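This report covers a ligand site and one strand. Have the sequence and structure ready.

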Amino acid sequence: MEQAGSEIHKVEDQPSQLTRQRILLSDNWRFYKYADNQVTDSLIYDVRPEIESDEDGKAADAKPTEAVDIVSEAFVLKPWILPTANPFIDDPAQQHQRPEGNPGADFAFVQGDFDDSQWQQVQVPHDWAISGPFYVGHNAPVGGGMGRLPSPGVGWYRQHFELTAADAEKSIFLDIDGAMSYAMVWLNGHLVGGWPYGYASFRLDLTPYIKLGEANQLAIRIDNPPASSRWYPGGGLYRNVWLTKTNPVHVGQWGTAISSSDISEKSAKVSLSVTIDNDSAQTIEVSTQTNIYALDMDDVVAKSASATIATDAILIDGGQSSRVDGSVVINNPKLWGPLPNQQPNRYVAVTNILQAGKVIDSYETRFGIRELHFDANKGLIVNGEHIYFQGVNQHHDLGALGAAFNVRAAQRQLELLREMGVNAIRLAHNPPAVELLELTDKMGFVVIDEIFDVWERKKTPLDFHLIFPEWAEPDLRAFIRRDRNSPSVVMWSIGNEVGEQYTGADGAKLAQRLQNIAKQEDTSRPTAASMNFAKPDMPLSAVFDTVSLNYQGEGIRNAPAYAHLQGIRTAPLYPAFHQAFPNKVIMSSENAAAVSSRGEYLFPVNDGVSAPVADGAGGDPESLQVSAYELYTAPFGSSADKVLASLAQHPYVSGGFIWSGWDYLGEPTPYYLARSSYFGVIDLAGFKKDRFYLYQSMWRPDFPMAHILPHWNWPERIGKITPVHVFTSGDEAELFLNGRSLGRKQKAEFAARLRWDDVVYEPGELKVQAYKLGKPWAENKVVTTGAATALAFTPDRAEINADGVDLSFVTVKVVDKDGLMVPRAKHQLSFSLQGPGEIVATDNGDSANLVAFPSHQRAAFNGLALVIIKAKKGEPGNISLSVEAEGLEAAHVSITSK
Ligand code: GAL
């Protein structure tokens with residue numbers, strides 16, 4: 001029952017909507033952000049410490065430090081915001097009382113009659129920083145670490161909606177899926193509440209402050225601190241915002257918990273608990289009836305229910321909540337399991353609350369029936385099948401679209417990862433958009449859902465540690481309650497490389513507190529906290545259910561090429577952890593931290609399999625590019641080759657998660673003058689780096705493929721040694737240069753690549769013939785192209801929905817007369833569009849490119865560029881897109897919007 005927003009949200013009750021309405025507030029928000037040097041209002045959540053030093057580009061594995069004490073007399077709104085956390089604080093004595101008074105009531109921006117017509121009109125999800133411009137240079141207000149974009153600052157959003165007499169008896173809520181950060185909300189001039197953690201979803205009860213029959217004015221203040229993140233956080237209302245109307249007696253927020261047990265092909269027991277809130281003043285008597293329906297892959301609900309769970313009538317006093325439990329056996333259940341060997345079958349439970357035989361609320365929960373088992377010598381077992389983690393870490397941003405969540409953009413990320421052979425995602429290091437988990441549920445990935453990058457000790461001056469004392473518990477409980485019914489989530493990760501690894505028993509005590517909270521919320525999944533420093537004998541290592549290692553498994557700075565570096569140094573630690581914790585699953589929650597720029601090959605090429613990137617050794621400080629020979633890493637990292645070999649040699653390890661699947665905004669190790677990372681296997685625009693094929697060759701052994709690197713356009717290298725490397729799912733390959741064999745080679749045990757390191761460059765054709773078990777298996781060819789003559793378009797989808805949300809990702813190639821991509825082309829491209837659509841953003845995957853994303857001018861980067869098209873809402877038709885460049889034949893493509 002979703003409805004798109006409109007200027008005034010006027011919703012007439014229809015019989016089917018009597019029980020509950022969820023209205024998406026997406027259109028016609030008004031937005032204002034204070035300019036960089038402008039004095040803002042003083043409606044602050046809390047006083048912040050001075051930023052003493054903020055080393056942008058400090059090594060990701062630097063030791064976190066303790067919080068700074070703050071003394072201040074300033075008036076803060078925190079006491080009015082804290083009560084929003086109460087439903088997620090277990091001990092009533094710890095819950096917060098709202099103080100008297102109504103701060104901000106007389107401030108202009110919260111008034112209904114304030115004229116916001118000069119404010120910018122925006123659609124939510126909205127990321128206030130993504131259009132830039134990028135900050136350039138050393139000492140910029142926002143450096144490379146946070147992506148050089150203007151995410152810090154204070155901004156306001158205003159929206160209004162109308163309620164009618166029909167809403168008189170209802171409970172009215174505002175559900176914010178994510179606001180970056182320190183959101184504080186006023187309705188009709190009343191401060192309602194808020195939530196500081198920018199990645200959290202939260203609900204505010206608007207009921208006490210609503211007006212019927214006239215506009216209700218919502219005003220949201222968002223305050224994003226500088227130096228608060230190790231990556232790009234985005235800014236503003238960057239996830240969906242909903243207005244929810246219910247009967248005063250209704251299923252509470254995230255009020256259902258569904259689990260399954262006794263699972264076989266024949267039957268499964270599904271258990272359900274429902275929390276019912278009675279917001280009325282009277283004691284009521286209610287019962288529940290939950291019908292469970294199969295859902296197909298297109299989200300179509302089966303006509304008849306597979307089972308029903310009915311609970312007895314109970315009495316709930318006014319202003320109280322109660323929980324009811326029930327269970328049922330489903331025959332011949334369709335199990336949820338990850339692809340490729342299983343199917344991600346799902347169900348939807350429709351929970352009706354009945355009062356005197358009448359349905360007064362109806363609430364849907366999507367879930368899956370699956371049996372999770374963790375084996376210390378293998379890892380994850382889903383429905384009896386061993387699922388080895390072929391995983392990636394993903395940050396929350398969507399490249400040129402920034403943090404503003406978009407389902408199609410996230411789906412595209414997952415589709416490309418799947419093509420590589422990925423089956424598992426670690427959501428580094430914060431709760432995702434809810435729709436992302438709907439995608440992983442539906443597409444059959446397994447997920448490690450992670451909440452924190454810091455606890456009490458800080459990594460950046462103004463990060464989450466500032467609010468940890470009051471918000472750790474509510475954030476953790478809210479996170480688990482929100483995501484617990486998602487079948488793709490197989491593990492909760494409560495922290496990443498936290499500073500408490502360094503604080504012995506104190507750190508472990510804090511960890512244990514968080515572990516206990518997680519267990520109170522959910523016992524069906526194991527917990528983890530990733531460790532890059534804690535050793536088997538340190539107290540923190542013993543606290544969580546699994547051993548979750550970042551980089552330590554394959555060893556940190558322990559290969560010869562790393563011998564000269566300072567910092568954490570360890571031998572490969574899988575064996576020591578396995579010995580210390582023989583009953584715990586071990587996983588490589590982060591590995592690699594390899595770096596490269598798509599299509600850039602630098603010489604000479606390291607003759608080992610893993611080396612730290614340095615200027616002149618894999619990295620070019622002038623162009624800010626890193627070699628795509630895929631051998632170079634962050635100082636604490638290891639190449640893909642080394643990681644995969646190490647995992648293969650420790651078969652009890654449950655698999656691992658690459659740092660990172662896609663490139664992301666911020667953290668551009670090793671070049672902090674750039675804007676986005678070099679870690680991705682896929683670049684920021686969604687183009688595959690050579691590493692993609694390395695992993696594909698190892699993770700999809702039955703998929704015949706071979707891939708050659710580098711490209712073969714080297715006029716300046718004629719007669720020079722130019723190494724050629726091949727990734728193949730075969731076990732052997734022969735390389736030919738202009739028809740001459742350069743030798744047939746066999747993959748050594750545990751090796752990920754075949755290499756011909758002494759090839760002398762001459763233009764022409766490089767061809768590889770791969771073999772498996774002696775038989776021809778796959779071929780690949782790279783040729784020296786002609787000069788660039790034209791441009792060519794390839795849209796990922798030629799038909800999109802005219803809903804103002806759906807996207808087409810259009811690739812532009814610079815090609816020669818034979819249509820071959822010219823691999824070093826960097827032409828300036830200019831885009832134009834006609835028809836009912838818009839160019840939302842352009843990109844080329846170059847981490848060092850500081851042209852703002854909305855620009856219609858963009859240089860190709862090594863032959864490629866990307867343009868992202870959105871159709872106008874409610875205006876179907878033909879969108880024609882053109883691209884031109886000097887000296888090249890232009891390209892045109894038509895995209896249908898329906
Ligand atoms: C890890 C950290 C990640 C990322 C990565 C690469 O230490 O957990 O968030 O920073 O290094 O630098």
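Which residues surround the ligand? Ala 60, Arg 230, His 429, Asn 496, Glu 497, Asn 550, Tyr 551, Glu 590, Phe 636, Trp 659, Glu 667 and Phe 679 do. A residue counts here if one of its heavy atoms lies within 4 Å of the ligand.

The model is predicted: local features need pLDDT of at least 70, side-chain atom pairs count only at pLDDT 80 or more, and totals for chains, interfaces and linings use all residues. Residues are numbered from 1 along each chain as its sequence is written, and side-chain values use heavy atoms, with hydrogens and water left out.

**Ligand site**

The shell holds five nonpolar, three polar and four charged residues. Ala, Val, Leu, Ile, Met, Phe, Trp, Tyr, Cys and Pro count as nonpolar, Asp, Glu, Lys and Arg as charged, and the others, Gly among them, as polar. Three side chains place an N or O atom at these distances from a ligand oxygen atom:

| Side chain | Distance to ligand oxygen |
|---|---|
| Arg 230 | 2.7 Å |
| Glu 497 | 2.6 Å |
| Glu 590 | 2.8 Å |

Taken alone, the ligand exposes 310 Å² (Shrake-Rupley method, 1.4 Å probe). The protein buries 100% of that.

**Strand S14**

Strand S14 (a DSSP run of E, at least two residues) spans residues 284–295. Nine of its 12 residues are buried (under 20% relative accessible area, 1.4 Å probe, protein chains only), so the rest of the structure largely encloses S14.

S14 pairs (at least two DSSP bridges) with S15, residues 307–316, through eight antiparallel bridges. S14 also pairs with S17, residues 346–355, antiparallel over nine bridges. Gln 289 has bridge partner Ala 310 in S15 and Asn 352 in S17.

Methods: A polar contact is a pair of N or O atoms within 3.5 Å; within protein, one must be able to donate a hydrogen and the other to accept it, and residues adjacent in sequence count only if both atoms are side-chain atoms. Buried means under 20% relative accessible area, exposed over 50%, partly exposed in between (1.4 Å probe, protein chains only). Helices (H or I, at least four residues) and strands (E, at least two) are DSSP runs, numbered from the N terminus.
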